[in-house]
Amino acid sequence: RKECGDSDLCYDLDNIGVFLNLPETRKSLHVSDKVDEWVSCNTAVNAGFISDWMRNYQQVLIPMLEDDIRVLIYAGDVDFICNWMGNKAWTKELRWSGKDDFNAANDDDWIYYKGGLNVTGGRVRSANAKEGSGSLTFLQVYEAGHMVPMDQPEAALSLLNTFI
């Protein structure tokens, strides 16, 4: 694992900031001229989401699963903010029509393609809803922290491409 170094977030977001602040990027994303610049941690934006902290959204997720929506929950295995064990635990407790099958499913090796090789990138379990054609998948990504795409970019791209 890598050391955090001088970054409070343990991630170097400088290149992201450069890209998001380019005039052509701002134009493409329709960023308002009222926004001075993108910054990785904006206290005003954070304050706007304060009422969302620690809210229970399972009542929203269950109808989606039963209404033909495929859901992917993933977490890095070294994420101490949203740890994989807690995320897996709540997915197993979710009361939906596929719960029994999801809980009975094996945690299988999740394999993705990297540099011409098949790589074991984590553990995955999945089940289909018994009502509708939705599904729930939980994926533990190996050697990834809170920002899976920063720690395991090839794995993150593969999980998105495979899921989509």
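This tour proceeds from the whole chain to the sheet, the helices packed on it, and a few individual residues.

**Before starting**

The model is predicted, and residues are numbered from 1 along each chain as its sequence is written. Local features need pLDDT of at least 70 and side-chain atom pairs count only at pLDDT 80 or more, while totals for chains, interfaces and linings use all residues; side-chain values use heavy atoms, with hydrogens and water left out.

**The whole chain**

Display the complete C-alpha trace, which spans about 50 × 40 × 30 Å along its principal axes. Colouring by secondary structure shows 8 helices and 4 strands. Helices here are DSSP runs of H or I with at least four residues, strands are runs of E with at least two, and both are numbered from the N terminus. From that terminus the elements follow the order α-α-α-α-β-α-α-β-β-β-α-α.

Of the 164 residues, 30% count as buried. Buried means under 20% relative accessible area, exposed means over 50%, and partly exposed lies in between, using a 1.4 Å probe and protein chains only. Among contacts (heavy atoms within 4.5 Å) with a separation of 6 or more, residues 24 or more positions apart account for 54%.

**The sheet**

Select the 4 strands next: they form an open sheet in the order β1-β4-β3-β2, with mixed pairing. β1 (70-76) and β2 (108-114) stand at the edges with a single partner strand each, so one side of each has no neighbour in the sheet. Neighbouring strands are turned by 30° against each other on average, direction ignored. Such angles are taken between axes, which are lines fitted to C-alpha atoms (for helices over the stretch in contact); angles run from 0 to 180 degrees between N-to-C directions.

Now restrict the view to β1 and β4 (residues 135-141), which pair in the parallel sense over 7 bridges. Two strands are taken as paired if DSSP finds at least two bridges between them. R70 has S135 of β4 as its bridge partner, and V71 stands opposite L136 in β4. In β1, 5 of the 7 residues are buried, so this strand is largely enclosed by the rest of the structure.

**Helix α8 and the charge over F163**

Add helix α8 (residues 153-163), which lies across β1, β2 and β4 and runs at about 105° to β2. Which ring lies under the charged end of R70? The ring is that of F163, with the charged end of R70 4.3 Å from its centre. A charge is counted as over a ring if NZ of Lys or CZ of Arg is within 6 Å of the ring centre and within 35 degrees of the ring normal. Another such arrangement can be found by selecting R125, which lies over the face of F102 at 5.6 Å from the ring centre.

**The aromatic pair**

Select W110 and Y112. Rings of Phe, Tyr and Trp (its six-membered ring) pair if their centres lie within 6.5 Å; planes under 30 degrees apart count as stacked, over 60 as edge-to-face and the rest as tilted. The count by this rule is 1 aromatic pair. The ring centres of W110 and Y112 are 5.2 Å apart and their planes lie at 25°, so the pair is stacked. Both residues are buried, W110 at 9% relative accessibility and Y112 at 4%.

**Helix α4 and the loop after it**

Turn to helix α4 (residues 58-66), whose buried residues are L61, I62, L65 and E66. These residues cover an arc of only 130° around the axis, which puts them on the same side of α4; the arc is that of the directions from the helix axis to the C-beta atoms. They pack against β1, α5 (84-93) and β4.

Continue to D68, in the loop between α4 and β1. Most residues other than glycine have a negative phi. The phi of D68, however, is near 70°, a positive value, and the residue is partly exposed with a relative accessible area of 45%. E143, in the loop between β4 and α7 (148-151), also has a positive phi, near 55°. Its relative accessibility of 42% makes E143 partly exposed.

**The last stop: R26**

Finish at R26 in helix α2 (residues 23-28). Is R26 buried or exposed? R26 is buried, with a relative accessible area of 14%. Leaving aside neighbours within four places in sequence, its contacts include L20, V31, D33 and E37. R26 and E37 are 11 residues apart in sequence and 9.3 Å apart in space, C-alpha to C-alpha.
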